Structures are given as structure tokens and as C-alpha cells.
Amino acid sequence: MVSLTIDGKSVQVEKGTTILEAAATVGITIPTLCWLKKVSPTGACRVCAVEVAGVERTMTACNTPVKEGIEVTTDTPALREARRKIMELMLVNHPLDCPVCDAGGECDLQDSCYALNATKQDYSAILERKAIRYDWPLIESDPNRCILCEKCVKVDHEVVGCDAIMVVNKGEDAIIDTVDGKPLNCEFCGNCVAACPTGALITKPFKFKGRPWTFNRIPSVCAFCGAGCQIDYHAKDGRVERVTSEDDSYNNGNLCINGRFGYRYLHSSERLADPLLRGDSGALAKTDWNTALTATAAKLKEIVARDGGKAVAGLGSPRLTNEESFLFRKLFSELGSSNLDSEAGLGFAQAQAQMQRRFGFTGASKQLDALDEAQAILVFGCDLNAEATGAEYRVIKAASKKDARLVLVNMRDVKLRKFSNAHLKHLPGAELQVIYALMKGLVEAGVALPAGAESIKDGLAQLSMDELCQQAGVTVAAVENAVRQMTGMTRVAIVFGADLIRSADASTKIAALADLAVLTGSATEQGGGIFPIDAKNNTVGMLDMGVAPGADGKDIWGIVEGIEQGSIKALYLLGCDLSGLPDNQRIRKALAKLELLVVQDVFQGDSLEYAHVVLPAGAAAEKSGSFTSLDNRVQAIFKAVDAPGQAKEDWAILADLYGRLTGSAQRITPAGVMAEIKESAKTYQPFDGSRNGVIKGGSAVRSDAPLAPIAKPAAPAQPKFQLLVGPIGFHNGTSTTRSDANLDVAPAGFVELHPVDASALGIADGANVKLSSGTGALTAAARISDKLQPGLLFAPSHFRDLNANALLKGNCNLVEVKVEKA
């Protein structure tokens, strides 16, 4: 600890604390302009200048560490005059174009001029206009407005880890530009724009949409990935025109491209706006709500009366609120059916069941901010950039700022590789071998075994490290290095995602990973936590609400088989996009056999071809309710705008239909449904509907988790070519393929392949390549990348035209394919 005096007040702070931070501890505010709490200080603007007794010149408070016994003065006439002059000098080269600048009204430079009384200009200069970068996607850069505070550069490097922009040139020619001078090529998260204190960086979709103070600002939660980032919708004239996030939010104001720009899907021409009913002519036609819901209720009653409740099935969506998913489950209970599932049934639901059975919790064992303090982090089978960018930002922070050891296990070189201390790039399907190799290495390194773990030690002793590594395609030295990163660490976090959760024999692999978590202590209260990742926003909440097969219910593939065999006559698709499901050509054929297909959705989709009733629904910005993030934070969302046309909130549609099926006149509201949820799901009792929400209860970790038996794994088959289908960071699900902003950056699907394979096949970058499997085929532009490995190809799951999911079989996201030059 260091003792000092600031403006006559005694202060004691930790060594390394800056004067600015020390002053804040006793309520003293020092003016700043270039300082940003979440990045390292720059000391560029010098507005935070203070006097230190015995030092002739002023010191910048933001980057000057405290010293024992110093006396600091933060406010004198001389300091006020110096700060005013600094502001006047900044304005010498700053265009006074506030009337047409999008930052007007929320500009830190304006605020600082006002606060420091810089109301006149004693200096003048001949302004030399610099070229504005109009050629960047989504972002416009005007170096004439830039004050070179470097906040954008710091955020780009330190928070996002993208390294796309930097200060180029020197002296009066210095500007912020791309590292290569070419148009911006980054993740387009817009965090640099949010950090900019002036209008030097603005977002193109918001340009000239209006003055900030003319918008209604509605707090909400991002409706894309499961990180649960807090956002604000900015709405005007019935339209959302911007999304922002404050630095004091749970996510520190950091968003990804989907969180900041994905809202543009709200304005898509593919929005459903009117109920549709298939008439005697066989065509869908617009109708009113009463007619549509009366027809739906009547047909459901007819099928249940004739064939029983088991003849009805439903597929839900993690896009819905907790209240809406609960109502969906309640409606199916009324129908007498347990045939209820969702895309979570492809793997995440089974992973959740494994965590519940082994450790006693659903979701993650800790909140995401625990990653900030982890000593070591194992990211297994997960592209965090694409699956939960908010979690990736925390991993980057831990690895780059707090020296956490990062171990990456993946078939590909994902973004986190450049931050990793160890990378095990294994062969496709060899996840179990890698897990056993890590466990064996930890035991041999002398890690303390918990009670009852002797069988694990004996089982591992029967396995050969050389053989495990050979089957996995990694070296023994690489495994030993990975083990060293985790050995001796008390806070080891384990993060795992889709490539493990949706791999072949995933349940066995996740059980083994749970054993690894026992060895690392990750599952304990003192450990770093276990974080199962799903790429959708409310998957945990949806499962908590019971949208999953009951004891005698059918899962996705059981439902499809039931339709094919004729035992299931009616299907209710609630926000479920067919193109997001594997083997969807088979599913489409099955839909044609139904007596009743109800499609309740935000967008027009492939299922409309087979639908008998179409019910237009509101999107997240058009409804109220709650979401549960992947780390169990239950947070409220609030309606920002109305849905287009006749479209309604999903809960309102379900409530109306429920009343028609039961004859009940009870008025149903989201608040009333939440009261029911608290009665049936006790973990939700603390939720009070507030902005910050609560951590749902019931996540106490069991200490008596039984360990899975160790069995010698079979070497995974390695066909000549395998296709991995998964998400990319520029999109989330299929929703953002309706956002013109996201499409501006990533407009179409592609097939990624290794240079060795491309050369052998005679395929050039950008040329068309054809892939075919036992369930489908696709043709797309080739992208050659050494981030893969020979024999492994990758295609994004989002694009409906590409429809890469059609090539998959069952729940696995990896499939053998034939590859040809198209």
C-alpha cells in the first residue's frame, strides 16, 4: 500500500494505482478526455494535468502511478487555465461542424469545452482537410475530427484483440487508419466507434438518422448470443435506429457486430406482418387474427380428440423469452403432449443434463466475469468469437492483461490462438483422446486427486500417452506444455462449445471433460468455473422452462420419424427456422405429410411452403419479458417499438390460443406468467424484473460428483474429406442474414479448405467448389485457409441459400463429404 495526500485528503491505495484512480477513491474528480477505464492510459490529451509538490512541471494523472508521501493538487487557477488552453489548442485543427456531426449532443469534446470554459479561440491555423474514409464497411472515419486520443486503437488492440487500426504517420500528419492503408477489415463490432470521444468515427447505418436526444432510449438485453450483454435500443418514429451499451454495464459497453448492428433485421422486407391461412385453393392468404386462431384451435382439438395428444408436436426457439417458452410448454401440457423439442436437442440440452447430473447446476457454474480472474482457461471445442463474443472479450482480458494461462483445444486455428500459451490442434473426432491425454498428464504431474478418484488414476494408467497423442494428431510435448499451463493453478476455468457438444458420441466426451474439471478443481466454489456455450441468447432459459421432451416425449428426430410414419399429425413451429437444422431436406419432406403445420415466426421462411396457418410474431425489441444468459443471469427486456402490421408478441399469440383451447377467460400477462414460473421453477424466485436482474438460484455445485469409468477410446475414422458446419462471428443464427449491416460485411456463404487440398483439387481461391454428402449437396465459393488442416473443410451454418446444414446427419456437426471442382 502507498500513502499520499490529494487536495489535503489522506489516501491509501495499492502500489501501481494511478493518481486519477487514487483521487476517485476519495470522491475527487479530475477532468479527462482521452482516458477510458477499460483500456490502458495513453496520456495523450493532458487534460488531467495535476500538480505534485516538489515537481516543476504538471503530471498527467491518468498514467502517473502514486508514490509514497507525495502531495497532489488537482484544482488551482493555473491548472484550470492550462486545461482551458489545452482545449483551445485542440480546437485549432478541429472543424466546427457540429450541426452535421452525428456525435453532436453526446460528444466528449463538446462536454469538455463546456466544463473547462473553453468558450473563445485565441489561436488560429490554416486547416488542411484530410480525406474521409467512406470506403469502410459500416464505419466512417473522418480524421479531421480526430483528437488522437487513441481510445479506438486501445479498444481494438486490448479489448477486441483485432489489431486492425493504429496511429500512422507522425506530427501533424498523424491519423488513425488501418494498419495496411486498405479499407477496414476487422470484426466490425463498433466498439471503436463507441469509444471515440468525437465524431471521428461514426456508424454508417445511424448517420443522419437524428439527434441523440430525440430518440427514446429503452434498456434491454441483446437477443443474439448467450452472453447476456446489456444494451439500449434507440427508437424514433416506431423504428430502432441504433443500439449502444454503456461502459458501466455488465459487459463494460463491449458488443459484437450482431449486438451493435444486428438490429437491422427488424427492418427486413422478409418480416411477417399479417396472419396467413391456407384456403381451399391451396394458397396462403391474408386473414385476421380471430379467423387464424379459431382455425388453429379447432384443428388441434380435432386431432387430439381423434388421435390423442401424442399426435401433436412442437419445436420451440431459444429466441423466445422465458415467459413465452413457459406458455408454449403449458399449451402442450393442455394438449396432452410431451413431444416438445428445439435446436437445443441437437446437443446443448444433453450437455446441460450432464452438468446437472454430475455437478448439480444448469447453465454455467459461475458468472462470466469470473473469467476475468481465472489463472488458467481451457477453451475446448469452441470458437468463442462466433459462439459468445462477450465471453471471448473476457478471455482476452484475462490472458493479455492478467497473465492467465490460455489452453486452446480445437480442430482449427480460431482467433484465440494468438493469445494462447498452448494450442492442441487435434484431428477431427479425437476430442476424447485429447481429454484423456490432459487428464493423464495432470495425474502424472501430481495433481491432488479428490476422494473416489483412484479409479480414474488406475484407468488412465492403462492408457498410453503416445497412443492417445498419435490418435489425436498432437505431440506429447504439446500436451505436456498444456498440462504445465494448468498445473498448480487453483482457478482453472473450462469453456466448451459446439464442436465438442455436437461431436460424435458427445455424451461420453462431455462426461470425460467433467472428470477433467474435477481434476482441475474447476467445478468447485474456489475453482474457475465450467462454462458450456451455446450460440443462442436464451437456450438456458428455454430449457429451464421445460421446452424439451417429457419422459414419454419425442425429440427432434423422433418427431420427424413420427411425422414420416403418420403417428404425428400436427406440428407447431415456434420461431424455428428449418435451414438452421441438420438434414433439413428430410424435414421438409416430412412437413408435407402433416394435417396441420402452424408456423409462428418473425420472418418468412422455408416452412411457409408447407404451413396451414402462419402467425406473425414480434422480435426481441418488440416485446417485454426476460432472458436467461448462459451464466444464469435472469434479466428483463422492455418493449422498444411495435411489431410491423398485425404482428404480435409471441406470448400474446400463445395466450390467446391457450384461452381458445381451454375456454379460459383469464387475462395472461408476462408478469403473471413469471409468477407461475417462480412457483414451478424455484430457481427463478429471486427475479424482480429489474434492469440488472438476478442470478438464478440453485446453482450450488455438488462435491460428490461420480466419475465416469475410463475406457480405451477407439481411434476416430479419418475419411479423405470431412465438412465442419458452424457459426462465424459476422452472423448469429439465421436472423442476421436479414440484416443489411451484417450482409454488408459477410454477404454470402462459402467453403473454406486447406491449401494442400485446394492444390490437389485444382481449386483456386474464389472458384466454385461442390460438396456432397449422403443427405445433400451444395456449391459455393472456395476460401483457401491454413487455419484448417488437410482433409477438413468448413462452411458457415447461417446462410439459407448455402444451406450447409442440409449435408449434416443427426446431431453431429461433422460429416464425410465428396469434394469436387465445380
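# Questions on a predicted chain

Trainee: How far apart are the end C-alpha atoms of residues 215-270?
Mentor: The model is predicted. The UniProt annotation "domain: 4Fe-4S Mo/W bis-MGD-type", from an unreviewed entry, covers residues 215-270. Over that stretch the chain is 9% helix and 34% strand. The end C-alpha atoms of the stretch are separated by 26 Å.

Trainee: And how much helix is there over residues 78-117?
Mentor: An unreviewed UniProt entry gives residues 78-117 the annotation "domain: 4Fe-4S His(Cys)3-ligated-type". Its end C-alpha atoms lie 14 Å apart. Strand accounts for 0% of this stretch, and helix for 57%.

Trainee: Now the whole chain: how does its radius of gyration compare with the globule rule, and what is the radius?
Mentor: The chain holds 24 helices and 34 strands. For 822 residues the globule rule gives 28 Å, and the chain comes close to that, so it is as compact as a globular protein of that length. The radius of gyration of the chain is 28 Å.

Trainee: What does the C-alpha trace span along its principal axes?
Mentor: Of the 822 residues, 60% count as buried. In the contacts with a separation of 6 or more, residues 24 or more positions apart account for 73%. Along the principal axes, the C-alpha trace spans about 90 × 70 × 60 Å.

Trainee: What share of the exposed area do carbon and sulfur atoms supply?
Mentor: The area that the chain exposes is about 31700 Å². Carbon and sulfur atoms supply a share of 50%.

Trainee: How far apart are the mean positions of the positive and negative charges?
Mentor: The chain has 87 positive and 96 negative charges. Take the mean position of each set, and the separation is 1 Å.

Trainee: Is Gln 485 buried or exposed?
Mentor: Gln 485 lies in helix α15, residues 476-486. Beyond its sequence neighbours up to four places away, Gln 485 touches Ala 376, Arg 405, Val 407, Asn 421 and Ala 422. Its relative accessible area is 11%, and buried means under 20%, so Gln 485 is buried.

Trainee: What separates the C-alpha atoms of Gln 485 and Leu 406?
Mentor: Along the chain, Gln 485 and Leu 406 are 79 residues apart. In space, their C-alpha atoms are separated by 7.4 Å.

Trainee: What is the phi of Leu 138?
Mentor: Most residues other than glycine have a negative phi. Leu 138 sits in the loop between α3 (108-115) and β6 (139-141), and is buried at 3% relative accessible area. Although Leu 138 is not a glycine, its phi is positive, at about 65°.

Trainee: Where is Asn 169, which has a positive phi?
Mentor: Asn 169 is not a glycine either, yet its phi is about 70°. Its place is in the loop between β7 (165-168) and β8 (175-178).

Trainee: How does Asp 75 count in terms of accessibility?
Mentor: Asp 75 is found in the loop between β5 (71-73) and α2 (77-92). Its relative accessibility is 45%. The cut-offs are under 20% for buried and over 50% for exposed, so Asp 75 counts as partly exposed.

Trainee: Which residues does Asp 75 touch, leaving out those up to four places away in sequence?
Mentor: The C-alpha atoms of Asp 75 and Ala 49 are 9.4 Å apart, and the two residues are 26 apart in sequence. With residues up to four places away left out, Asp 75 touches Asp 7 and Arg 80.

Definitions and conventions:
Residues numbered from 1 in each chain as written. Predicted model: local features only at pLDDT ≥ 70, side-chain atom pairs only at ≥ 80, totals over all residues. Heavy atoms only, no water. Helix = DSSP H or I, 4+ residues; strand = E, 2+ residues; numbered from the N terminus. Rg over C-alpha atoms; globule rule 2.2 N^0.38 Å. Buried < 20%, exposed > 50% of the residue type's maximum accessible area, 1.4 Å probe, protein only. Contact = heavy atoms within 4.5 Å. Areas by Shrake-Rupley, 256 points an atom, 1.4 Å probe, with all protein chains shown as cover. Lys, Arg positive; Asp, Glu negative; His and termini not counted. Charge placed at Lys NZ, Arg CZ, Asp CG, Glu CD. UniProt positions renumbered as here; feature names shortened; annotations may be inferred.
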